Amino acid sequence: MTRLPDPNHYESALPKLNSMCIVGHTTDSTAKIWLRTFTPGQWCIVLVEAAHIDTLKNHLNEFSSHPDDVCFNGAGIIKCPVDTAEKYDNCACVTLENLSPDTCYHYFLFAYGDTHQTLSRKIEKGYLIEHSFCTDQPGSNWRDFSFGFYSCHDPFGQKSITDGLWPDLCETLIKRNTRFVIGGGDQVYCDTHGKRTKSKRKQSQPDIEDLWDWLSRHKNALYDAYTEQGVLNKEGVINYLAKLYRIYYRIYWNFGSQQSVYRAYPQYMMWDDHEIMDGWGSLTKAQRIDKLSHFWQDDDDHINATIARLAYRAAKRAYLDYQHLHNPDTNVSTRHYDLEDSQQQWDYGFIKGPIGVYVLDTRSHHDVENQADGARLLGPEQMMRFAQWLSDTATSGVKAIFIVTAVPVVHWNDAVMNNMDLLLKIFGAMDDAIDEWGNDTNIKERNIMLDHVFELSHANQVPITFLSGDVHCASAFKISSPNFPNAKVMNITSSAISRKPPPKMAAVAIDSSKKMYRSTHIEIENIFEMAGKNNFLVVDISEQNNALSIIANVYYGKPNDDELQKEEIRIM
């Protein structure tokens with residue numbers, strides 16, 4: 001039996017972030033600020049309107065200033081105490097209220113209370129490196145603005161550690177009136193690098209542990225350590241594994257250019273499979289058991305199945321701590337761990353001036369074995385929430401709607417992918433195929449969703465665009481139906497910002513213009529495809545002659561390119 005390691009010593013080879021701030025969901029009068037501190041304790045977020053910042057800076061001292069100093073009592077200054085606890089990996093999120101619309105705020109993270117007395121450095125964030133953001137513009141008559149979209153952040157998949165295109169995204173956003181950024185899935189990879197399987201040719205690549213590889217070696221020790229008198233302490237196992245999952249966030253988010261984006265623009269995120277396990281939801285129970293099997297151990301299927309399920313619950317807690325806390329609130333935002341899986345809401349929607357955005361969760365309810373046909377990706381409860389939001393928003397006067405779905409509605413050639421099961425199994429990509437909306441297991445649900453989209457786009461003449469990630473390529477498709485001639489529907493995929501992309505020849509597997517696979521009336525038109533390069537998306541929204549113009553810009557290239565290529569896709 002292997003000895004169960006201290007989770008604090010897990011994955012010790014790579015540097016990890018200590019303290020960090022992220023701007024979260026923002027309105028014209030509120031803003032979420034997420035924080036992670038290097039030590040648990042009492043802290044304070046201080047917001048200062050940009051108009052007052054120069055005067056305030058003259059009074060600041062990194063090693064002596066206190067949030068209760070007289071200089072922080074003026075107009076345009078808001079303070080919010082917050083405690084961080086080791087139980088949640090020192091992560092917390094505060095909502096600041098009574099803000100002014102369309103206003104730039106600088107913010108600081110101060111030590112407070114007993115922590116202020118203990119630490120020599122009193123200003124943890126915002127002193128040496130500016131931390132600032134803007135609140136939303138009021139009402140629906142927004143000036144020209146932009147938002148960013150990215151997916152698949154894996155700086156360790158290349159020959160050496162790389163920021164990917166994060167520096168380029170940061171530079172591109174600065175040049176625009178950027179109002180928010182969407183992380184479309186796979187913000188970390190817990191499961192793809194494994195030291196044991198590394199070939200000699202890849203020895204120069206960075207070492208990072210595969211969580212599920214690690215679990216295959218230690219799951220028996222983990223099970224035994226938390227079993228007393230034949231009863232497993234499931235909560236203890238979940239807490240242990242959550243510590244491991246959180247370490248991936250601290251490793252993957254420890255990049256300066258990435259943090260520059262996170263601390264300046266409201267971040268809206270949704271997970272995909274790699275925050276849990278490659279292909280989570282597309283693997284059967286037997287396949288999950290096999291994932292934890294180890295040749296040199298006595299394997300027990302019950303133990304393997306139990307640990308796999310508890311690892312999923314641990315991954316949810318880490319996702320909540322690092323990503324969902326700064327999204328718009330849902331019923332899990334207060335860490336209601338006792339809710340049944342089917343009742344947990346991770347999907348959410350929001351309005352920004354003339355556009356509405358809904359972010360779908362295609363992982364937490366995804367179960368290829370146990371969910372009914374027509375409800376395998378979203379589940380019935382989420383489909384009802386989404387359909388209601390879509391109806392309410394399409395008829396509310398918004399001029400365009402964006403739907404974020406980590407896996408694309410259309411990208412790969414679904415007819416081919418659904419008829420090459422043997423080849424996919426040989427290359428270990430069967431789960432990737434089952435992930436897709438166009439897989440035979442998900443067709444019924446895809447068609448239900450598209451019926452809602454086409455009906456509402458047609459009736460209200462509102463363009464609806466899916467934004468997707470997951471596939472490590474980029475593409476854009478127009479989706480049309482003669483049954484709904486006034487509907488304007490598209491799917492734009494941007495992936496990956498830093499993950500090593502597949503070779504350029506992967507583009508041959510991207511779908512062409514034709515009738516949508518297993519649809520009686522929907523046509524797809526390929527208007528852009530690209531493989532072999534990293535990429536991200538920036539959407540520009542502007543008023544031209546009293547009409548709204550929306551252009552999606554796909555930027556693509558290789559890390560450290562002097563200049564990226566750009567494809568403009570006109571949505572409206």
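Guide: A residue is called buried under 20% relative accessible area, exposed over 50% and partly exposed in between, with a 1.4 Å probe and protein chains only. This is a predicted model, in which local features need pLDDT of at least 70 and side-chain atom pairs count only at pLDDT 80 or more, while totals for chains, interfaces and linings use all residues. Residues are numbered from 1 along each chain as its sequence is written, and side-chain values use heavy atoms, with hydrogens and water left out.

Visitor: How many salt bridges does the structure hold?

Guide: A salt bridge is a side-chain nitrogen of Lys or Arg within 4 Å of a carboxyl oxygen of Asp or Glu. Side chains of opposite charge can pair when their charged atoms come close. The number of salt bridges in the structure is 25.

Visitor: How many residues apart in sequence are the parts that D102 and R179 tie together?

Guide: The closest N and O atoms of this salt bridge are 2.8 Å apart. R179 lies in strand β10 (strands are DSSP runs of E, at least two residues, numbered from the N terminus), and D102 lies in the loop between β5 and β6, so the pair joins parts separated by 77 residues.

Visitor: Is R179 buried or exposed?

Guide: D102, its partner, has a relative accessible area of 29% and is partly exposed. R179 has 3% relative accessibility, so R179 counts as buried.

Visitor: What is the relative accessible area of R518?

Guide: R518 forms a salt bridge with D440, at 3.1 Å between the closest N and O atoms. D440 is partly exposed at 32%. R518 is also partly exposed, and its relative accessible area is 48%.

How values were computed:
Helices (H or I, at least four residues) and strands (E, at least two) are DSSP runs, numbered from the N terminus.
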